[in-house]
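Good morning, and thank you for coming. I would ask you to keep the structure in view while I speak.

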Amino acid sequence: EEGPKPAADWGSFVHKIMEEHVTKGTPLDGWLGVEEFGQVCDQEMLDCCKQHLKDLVKLTGMQDLQAETRVSLGHLGHEDVFGTADIIVDRIFETLIVFDYKSGTDPVDPKNNPQLMAYALAAAGDALATYQNITLAISQPRSRAGGKSLKTWRTTPGQLQEWFDKTLLPTIEIIKKPGPPCNPSPEGCKWCRACEICPAYSAMALESAQLDFADAYPEPVIDDALVNTVYPRLKLLSSWIKKVEAHAMTMAERGDLNGFKLVAGKRRRTWADEDAAIKVMEENKIDPWGRKLLSPAQAEKTKRGMKKALEPLIAVSEGKPVIVPKSDTRNAVTTAEQDFKGVTTDG
């Protein structure tokens, strides 16, 4: 699984490409093959940017755009609470749009989204009450929860002000006090680069790992009660275990991992001279490349127009059900057992 650093670098590159296009008109196609942030702009990244642009055009018409704008809550007495909004459309006394690029695959909902609400408050400043329309938008091509990459939520000056007074302001005041309490969670800590050295994160993971199942569940069986207790913690434990393994590898390389040592892994054979190997196989009438049908996604990217040409030939099957939080915007699937629950037959 891709960790926070590569994912953040991928997203940073996408943001740069979009900023260059919006502010300077730099063509998106020109980025293909370019390397920055330790990432190479491949077709997937380019397609992501192109969909961001389509969503931006659809919502804003590319009018009155402010790209990568630093905003703060200075007008509310908190200059040190700030951020950089991807796109702001500010039509005074009329419309305020906060538009955010998301390049990850985990669905993000703009509704009641703290990041975008804070950006809207900061962008509106003292003129908050004058806006007739306030829209928070997220473009997330690699998620497409609900079949759409663009998700929007309309809010009001009153809702934003109430959220600030009841939620954001008390939180800011708590954070600014000496020794603020930590509130780690699987989702909140997932992309944090400091979690490896965070005592609260490690304590939460260890607490989860040390659940006394023997006392709570005398029978060594997996039942509904045990799963309801353990399942919400699995992502946290999995993430924490991966970080421990990575740190253990560093320790083993230094020889500091008590009771363990580093040995050579499974050997892997590769061609020392690919051209010579191809020649020998062809001389022996062996196809050196083999043949495997391209997937629909691979075939669509081979040349312009292929997506439309191949569309009638593609069958779409239902994806394997996955478990997500109830806050996820996708519709829940029902099983046959649920469909027939409560149905009785005479006989």
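I shall discuss the sheet, then the helices that lie across it, and finally the aromatic rings. Please bear in mind throughout that this is a predicted model.

Let us begin with the sheet. It is an open sheet of five strands, arranged in the order S3-S4-S5-S6-S7, with mixed pairing. Strand S3, residues 65-73, and strand S7, residues 150-155, stand at the edges; each has a single partner strand, so one side of each is left without a neighbour in the sheet. On average, and with direction ignored, neighbouring strands of this sheet are turned by 35 degrees against each other.

We may now go through some of the pairings. S3 and S4 run antiparallel and are joined by eight bridges. Within this pairing, Ser72 stands opposite Phe82 in S4. The hairpin of S3 and S4 has four residues between the strands, and Gly77 there takes a positive phi near 90 degrees.

S4 also runs antiparallel to S5, and five bridges join the two. Here Ile87 has Phe99 in S5 as its bridge partner. S4 and S5 form a hairpin as well, with three residues between them, and in its turn Phe93 has a positive phi of about 70 degrees.

Towards the other edge, strand S6, residues 133-139, pairs with S7 in the antiparallel sense over six bridges. Ile138 stands opposite Lys151 in S7.

I turn next to the helices. Which strands does helix H2 lie across? Helix H2, residues 43-60, lies across S3, S4, S5, S6 and S7, and runs at about 170 degrees to S5. Helix H3, residues 114-124, likewise lies across S3, S4, S5, S6 and S7, running at about 140 degrees to S5.

One residue of helix H2 deserves a separate word, namely Thr60. Is Thr60 buried or exposed? Its relative accessible area is 5%, and Thr60 is therefore buried, the limit for that term being under 20%. If neighbours within four places in sequence are left aside, Thr60 is in contact with Leu65, Val89, Arg91 and Ile97. In addition, a polar atom of the Thr60 side chain lies 3.0 Å from the backbone nitrogen of Met62.

My last topic is the aromatic rings. How many aromatic pairs does the structure hold? There are three aromatic pairs. One of them is formed by Phe13 and Trp31; this pair is edge-to-face, at 5.9 Å centre to centre and with 80 degrees between the planes. Phe13 belongs to helix H1, residues 4-24, whereas Trp31 is in the loop between H1 and strand S1, so that the pair links parts of the chain 18 residues apart. Both Phe13 and Trp31 are buried.

Phe13 also pairs with Phe37: the ring centres are 6.0 Å apart and the planes are at 50 degrees, so this pair is tilted. Since Phe37 lies in the loop between S1 and strand S2 and Phe13 in helix H1, the pair ties together parts that are 24 residues apart in sequence. Phe13 has a relative accessible area of 0%, whereas Phe37, at 37% relative accessibility, counts as partly exposed. Phe13, Trp31 and Phe37 are thus linked by ring pairs into a cluster.

Two rings also have a charge over them. The charged end of Arg70 sits over the ring of Phe82, 4.1 Å from the ring centre. The charged end of Arg142 sits over the ring of Trp10, 4.1 Å from the centre of that ring.

Thank you for your attention.

Methods. Residues are numbered from 1 along each chain as its sequence is written. Side-chain values use heavy atoms; hydrogens and water are left out. Rings of Phe, Tyr and Trp (its six-membered ring) pair if their centres lie within 6.5 Å; planes under 30 degrees apart count as stacked, over 60 as edge-to-face and the rest as tilted. Buried means under 20% relative accessible area, exposed over 50%, partly exposed in between (1.4 Å probe, protein chains only). A charge sits over a ring if NZ of Lys or CZ of Arg is within 6 Å of the ring centre and within 35 degrees of the ring normal. Two strands pair if DSSP finds at least two bridges between them. Axes are lines fitted to C-alpha atoms, for helices over the stretch in contact, and angles run from 0 to 180 degrees between N-to-C directions. Contact means heavy atoms within 4.5 Å. A polar contact is a pair of N or O atoms within 3.5 Å; within protein, one must be able to donate a hydrogen and the other to accept it, and residues adjacent in sequence count only if both atoms are side-chain atoms.
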